[in-house]
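Please open the model in your viewer and keep the selection panel at hand. The tour below proceeds by selection, one stop at a time.

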Amino acid sequence: MVWFCSPPHMKIEPEEDFYHSPKLAKSLKRERDDDNEWEEERYTDGVKWKFLEHKGPVFAPPYEPLPSNVKFYYDGKPMKLSPEAEEVATFFSKMLDHEYTTKDIFRKNFFKDWRKEMTSEEKAKITDLKKCNFTEMSEYFKGLSEARKAMTKEQKLKIKEENERLLQEYGFCIMDNHRERIANFRIEPPGLFRGRGDHPKMGMLKRRIRPQDIIINCSKNSKHPEPPPGTKWKEVRHDNKVTWLVSWTENIQGSIKYIMLNPSSRIKGEKDWQKYETARRLKKCVDRIRAQYREDWKSKEMRVRQRAVAIYFIDKLALRAGNEKEEGETADTVGCCSLRVEHIKLYPENEGQEYVVEFDFLGKDSIRYYNKVPVEKRVFKNLQLFMENKEPDDDLFDRLNTSVLNKHLQELMDGLSAKVFRTYNASITLQQQLKELTNEDENIPAKILSYNRANRAVAILCNHQRAPPKTFEKSMQNLQAKIDAKRDQLANAKRDLKAAKADAKGLRDDKSKKKAVQRIEEQLMKLEVQATDREENKQIALGTSKLNYLDPRISVAWCKKWGIPIEKIYNKTQREKFAWAIDMAEKDFEF
DNA sequence: GGCACGACTTGTCGACACTTAT
DNA sequence: ATAAGTGTCGACAAGTCGTGCC
């Protein structure tokens, strides 16, 4: 694969870097679409880089004990806590306003972990969370945050400069001749774990990460990052088959966390590109695959039927694969393969439609998926069969899991897995919606509304919902008020124009008045478009699909075709992430 | 197969910065 | 100048999926 579009200032040794020469961009464009032999030429056997140097992570600032006048009270009496216990208490006190702290599980988990940090005296005394009074601590932190807001410009600037310094020192690494931005070079600070949805571990203590917890990954011939004075890294390794720079094990789930590169980096960009190329290959054979699973609905084998219905859901409804999860470790959420009988309802007939399936379950991040869809008769009959003699909490697809499913998909097409369908369907929907909705004669704001509507169709498909912003109603009213004011203004301008026309002497004014009317009309139209857009976007989040599912070349091509500035579609970060696409896609790009 | 694990992508949210209205 | 509204970005949780082991 070719990487030719990194910003020139990032280049370390331009003349040595054949693949990064902008001059080659044009000539290579023809080749890159259908093969990726370039990457294979550069790196074989999963090698991700040849040189990697970085400064290691930035640790969370150490705990600063409370001033002595800020007290914790137990059973109404002030009590001085040991620094360890005090720190954990401050975590709780900072969350007092949050609903979390009223939840039983949260309180139970917190109290259990807090007690582990107490001295034996403290442990003996503090036995009931209800008797703990954190309000003084809470007030203290509120005060601090007020003070932060009230800082002078100079103080704020100073902090900003310090952050910039840290970014320059720790926020970049060198990977194969490029200075690349790191995504998350700061180690997550300690605190109380807040899972999403009904999480059994909410409130547990997320412990502080120390140098001895950290594994550094870099190349042998690089300057290794130094641990803070008096400390040691857990390990320094040189594994160029992976892309991470730093890792540690987190104590809530025992999973590994990583420091990796920013989406603007070569390594992430190439991967992203590859993802869309896989989706485009699916486009070429999706008809065959669809025919295949429709055929499989009739199979004699139960597992084949289940597999075929599951793929149908994944394809038609853009469901996620649905790996099984360890019970009690995470919130109870499901995807396609882990659907249970209780998550669907079958209606032979519903609101004038035949064979309707009603889905109602919690998906990723405990976001509700609710949908009523008519399906083919065969699917319906199969579902009835799958549900026979089962309890509500039994698996719908008892002969299927993601591993089996993906193995099958892999056989149908190289690189095919469940999530490729999501990418494919999202991107193809955008492309098709853009074709359908864009009106040549409309102005730029109207075209952008069309773009957002196309984007919205995808977000709905992928179930990317959001809670309506707290200020939604208000901001809608404000916008409406603006529109009303603009309407009045327009009426006035029109009257002026009429008066000027009627008055023979006003000939000279006529032109400018006409212009004024036109300008106001345009402004009004812009506001109205904005209102429509916002209203339609009330419960829908566009960001996730834009960032993860929509081949950016479709958007870039659309912008080029209609003369829309790319900035109207992608903000700065997005443009950085999609630099590869902005550089390569022409107006005739077809997904 | 089934399972644990590691690496990587996807997802939501809230803090903060920036902009505009008052 | 301040408040309010809006957009951006980072934090970090929660998915997917391939691998290697038994």
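**First stop: Tyr549**

Select Y549, which is buried, with a relative accessible area of 15%; buried means under 20% relative accessible area, exposed over 50% and partly exposed in between, with a 1.4 Å probe and protein chains only. Y549 sits in the loop between α16 (543-548) and α17 (552-562). Helices (H or I, at least four residues) and strands (E, at least two) are DSSP runs, numbered from the N terminus. An unreviewed UniProt entry lists Y549 under "active site"; UniProt positions are given in the numbering used here, feature names are shortened, and annotations may be inferred rather than shown by experiment.

**Conventions**

This is a predicted model, in which local features need pLDDT of at least 70 and side-chain atom pairs count only at pLDDT 80 or more, while totals for chains, interfaces and linings use all residues. Residues are numbered from 1 along each chain as its sequence is written, chains are lettered from A and ligands numbered from 1 in the order in which they are written, and side-chain values use heavy atoms, with hydrogens and water left out.

**The whole of chain A**

Zoom out to chain A, whose secondary structure comes to 19 helices and 15 strands. Its C-alpha trace spans about 90 × 80 × 65 Å along the principal axes. Chain A has 591 residues, and 45% of them count as buried.

**DNA strand C**

Next, select DNA strand C and the residues near it, that is, those with a heavy atom within 4 Å of the strand. There are 30 residues around DNA strand C, the closest being R196, K257, K419, K474 and T573. Of the atoms of DNA strand C that come within 4 Å of the protein, 88% belong to sugar and phosphate.

Colour this surface by class: 14 residues are charged, twelve polar and four nonpolar. Here Ala, Val, Leu, Ile, Met, Phe, Trp, Tyr, Cys and Pro count as nonpolar, Asp, Glu, Lys and Arg as charged, and the others, Gly among them, as polar.

Which helices each supply at least two residues of this surface? They are α12 (418-437) and α14 (472-502). The largest share, three residues, comes from α14.

Now display the polar contacts, pairs of N or O atoms within 3.5 Å; within protein, one must be able to donate a hydrogen and the other to accept it, and residues adjacent in sequence count only if both atoms are side-chain atoms.

- K257 places a polar side-chain atom 2.5 Å from a phosphate oxygen of DNA strand C.
- A321 has a polar backbone atom 3.2 Å from a phosphate oxygen of the strand.
- A418 has a backbone N or O atom 3.2 Å from a phosphate oxygen of the strand.

**A four-stranded sheet**

Move to the open sheet of four strands, ordered β10-β9-β11-β12 with mixed pairing. Two strands pair if DSSP finds at least two bridges between them. β10 (235-237) and β12 (256-259) stand at the edges with a single partner strand each, so one side of each has no neighbour in the sheet. Strand β9 (residues 215-217) runs parallel to β10, with three bridges; I215 stands opposite E235 in β10.

**From Ser265 to Leu412**

Select S265 in the loop between β12 and α8 (266-296). S265 is buried, with a relative accessible area of 0%. A polar atom of its side chain lies 2.6 Å from the backbone oxygen of N262.

Finish at L412 in helix α11 (residues 402-412). L412 is buried, with a relative accessible area of 13%. Add R288: L412 and R288 are 124 residues apart in sequence, yet 9.1 Å apart in space, C-alpha to C-alpha.
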